[in-house]
Amino acid sequence: MKAILQHPRTQAVLSWAQIWRKELAVFFLMLATLAGPFLLKPTQSTAPAHYDRRLVIISPHHDRIREEFGHAFARHWKATKGETIFIDWRVPGGTSEIAMLIKSEATAAFQNYWQSKLHQTWTPAVAQSCLNPKAAAEDAARKAYLASNIGTGIDVFFGGGAYDFEQQAKAGTLVAGDGEKTGLSGLAKKHPEWFSDAGIPEKLSGEPFRDPQFRWCGTCLSSSGMVFNRDVLRRIGIPTDPVAWDNLADPRYYGQIALSDPGKSGSVTKALEMLIQQQMQIAYDRLKAVPKSKLTPDQLEAQAVAEGWNEGLRLILRISANARYFTDFSTKIPLEVAKGDAAAGMCIDFYGRSAEEDVRKADGTSRVGFIAPLGGTSVSVDPIGLLRGAPEPELATAFIEFVLGDAGQKLWSYRVGEPGGPKEHALRRLPVRHDFYTPDNIARMSDGHEAPFEKAQAFTYHPARTAAAFNAIRFIVRIICVDSHNELHAAWKTIIDHGMPERAIQVLEDLTRVKYEAATGNIAKILAARDKVQETRLARELGDAFRNQYIKAGRMARNGE
């Protein structure tokens, strides 16, 4: 070894390495960077080495749901058809990101069809009208798109909220199928009992459970609620678990609430809509109870809606003022609460239940809890639908059938280890098919005691009150709570520290600029026009006004004005 080191050639190499040591260090760092992904690649890829067919699914669902359903359906297909399939999951983000991606891909595909197949000139007007459900019936581009089988390269849209699926159905990106073998229309012919009041009702307590034209259908049930950490609550001086939305507006929760940006998540916007709807119903019941009221039924409804809207936004403002942050990912909220980085947060039921289970002790107790406020949230669905121009319509239909069938309903709801249940993770979702709630199935469910079809009666969703304002809610909360959070958070802290002076609170909570008439009028009109210039201008004007308002409120509290 000594002779090798003393050899002239070895000495020359060592001398060269000494001179170029910095350059060599950079080279090896670059080599490590390039090789890292290959060295760290999992031993098992999500794609099989060989597959016969590929199913492309776009979804906001988290990895546990994707893994359980992907593996289960692949096993089912192999056992029944003898084919190996690759489920290609596309997860661009939440439902808002998925909607933008589908629109972009569908528009690009139609542009190619319009120009190369129909030999027509592509114009901004054509781009605006092809996916626009409000386009004139005789609009050539709109008619051509609906008559085509133009696809995005994606087979199935799986997961999200009913509102998002309704928008895709209206745009024409979701289709019913051929009525015989493909799509939900084909499944309705094959399994008519599923699509009935005894199976999946069209509506329940005002919430849509499936599209009457079979372009989408709920697969499981969801409700919004609060996930909380009992240890943190006791530490900050709150002795009881939260039971209602307004509990989160308590100043003692300052800096201890975890929230998600409604601009990135349809489920979060849905939760905020439910909070507002509850306040509208409270206002309605209060006004109706006034003896000898001179209000007509229409006047009573209009006043209750306006008052409830204002009170709902006021609660959202206070809860947002208590928030530590607004995350882009709603899945982060239960994780932060479970770790103790936040006392409570708003989330979908199965996120909260899963967090509770993950930290449950051997004696059955858990520092994490979840509650869906009774009368404060509706029971809604998590849908699925076939996309226009799906590359594998038959395979896509088989997947939809699997999800809606007994096999899929067991995966959603059964405990790990139960026959037909999930292999690794309890998904803690409730089945959408009413007929699935048999005594035997309920006994095997993680949350069979929830009785969602009965609890749904405690809350009636009134689409006429807020459905037209859904996008306005998303926009307004982003402007007055998310984008202005630093100013809101600081002003609320000053108000709390100075004894909650009433005049400062009134300034902080002045919602005149975003009252119900404005939200359903000018704001909704600008958002519906999809004119980004107008929308940006409105956002800037409202944002500046509310930031200044919060700064003023904080100054008033500080100066005792």
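A salt bridge, as the term is used here, is a side-chain nitrogen of Lys or Arg within 4 Å of a carboxyl oxygen of Asp or Glu. The structure discussed is a predicted model, and in this model Arg215 forms such a salt bridge with Asp211, the closest N and O atoms being 2.8 Å apart, which places the pair inside the 4 Å limit. Both partners, Arg215 and Asp211, are buried. By the same rule, the count for the whole structure comes to 39 salt bridges.

Other salt bridges have partners placed toward the surface. Glu180 and Lys189 meet through their side chains, with 2.7 Å from N to O, and here Lys189 counts as exposed because its relative accessibility is 52%, where the cut-off for that word is over 50%. Lys339 and Glu336 form a further salt bridge, at 3.3 Å from N to O. These two residues belong to helix H13, which covers residues 332-339, and because they are three residues apart in that helix, about one helical turn separates them. An α-helix has 3.6 residues a turn, so residues three or four places apart point the same way. The two ends of this bridge nevertheless have their own surroundings: Lys339 counts as exposed, at 60% relative accessibility, whereas Glu336 counts as buried, at 9%. Elsewhere, salt bridges that share partners join Asp349, Arg353, Glu357, Arg428, Asp447, Glu450 and Lys455 into one network.

Some members of that network lead to helix H14, which spans residues 349-358. Eight of the 10 residues of H14 are buried, so the helix is largely enclosed by the rest of the structure. The buried residues are Asp349, Phe350, Tyr351, Gly352, Arg353, Ser354, Ala355 and Glu356, so the reader can see that Asp349 and Arg353, charged members of the network, are among them. Helix H8, residues 162-171, can be described in similar terms: seven of its 10 residues are buried, so H8 is largely enclosed by the rest of the structure. In H8 the buried residues are Ala162, Tyr163, Asp164, Phe165, Gln168, Ala169 and Ala171, and the helix is followed by Gly172, whose phi is positive, near 100 degrees.

Aromatic rings supply another set of contacts, and the structure holds 23 aromatic pairs. In one of them, the rings of Phe209 and Phe453 have their centres 6.4 Å apart and their planes at 65 degrees, so the pair is edge-to-face. Phe209 lies in the loop between strand S6 (207-208) and strand S7 (217-222), while Phe453 lies in helix H18 (residues 452-455), so this pair ties together parts that are 244 residues apart in sequence. Phe209 is buried, with a relative accessible area of 0%, and Phe453 also counts as buried, at 6% relative accessibility. Phe453 takes part in an aromatic pair with Tyr437 as well, and this pair is edge-to-face, with 5.7 Å centre to centre and 75 degrees between the planes. Here the link runs from the loop between strand S14 (430-431) and helix H17 (439-444), where Tyr437 is found, to Phe453 in helix H18, 16 residues apart. Tyr437 is buried, as is Phe453.

A cluster of rings is formed where ring pairs link Phe69, Phe73, Trp77, Trp89, Phe158, Phe399, Phe402 and Trp412. Two of its tryptophans also have a charge placed over them: the charged end of Lys81 sits over the ring of Trp77, 5.7 Å from its centre, and the charged end of Arg429 sits over the ring of Trp412, 5.4 Å from its centre.

Phe209 also leads to Cys217, which has its place in strand S7 and is buried, with a relative accessible area of 1%. Leaving aside neighbours within four places in sequence, Cys217 is in contact with Leu184, Phe195, Ile200, Phe209, Arg210, Asp382, Pro383, Ile384 and Leu404.

The last feature is a pair of packed helices. The axes of helix H20 (residues 470-482) and helix H23 (residues 516-529) come within 9 Å and cross at roughly 90 degrees, which makes H20 roughly perpendicular to H23. On the H20 side the contact is made by Asn471, Ala472, Phe475 and Ile476, and on the H23 side by Ala519, Ile523 and Leu527.

Notes:
Residues numbered from 1 in each chain as written. Predicted model: local features only at pLDDT ≥ 70, side-chain atom pairs only at ≥ 80, totals over all residues. Heavy atoms only, no water. Buried < 20%, exposed > 50% of the residue type's maximum accessible area, 1.4 Å probe, protein only. Helix = DSSP H or I, 4+ residues; strand = E, 2+ residues; numbered from the N terminus. Phe/Tyr/Trp six-rings, centres within 6.5 Å; stacked < 30°, edge-to-face > 60°. Lys NZ or Arg CZ within 6 Å of the ring centre and 35° of its normal. Axes fitted to C-alpha atoms, helices over the stretch in contact; angles between N-to-C directions. Parallel < 35°, antiparallel > 145°, perpendicular 65-115°, else oblique. Contact = heavy atoms within 4.5 Å.
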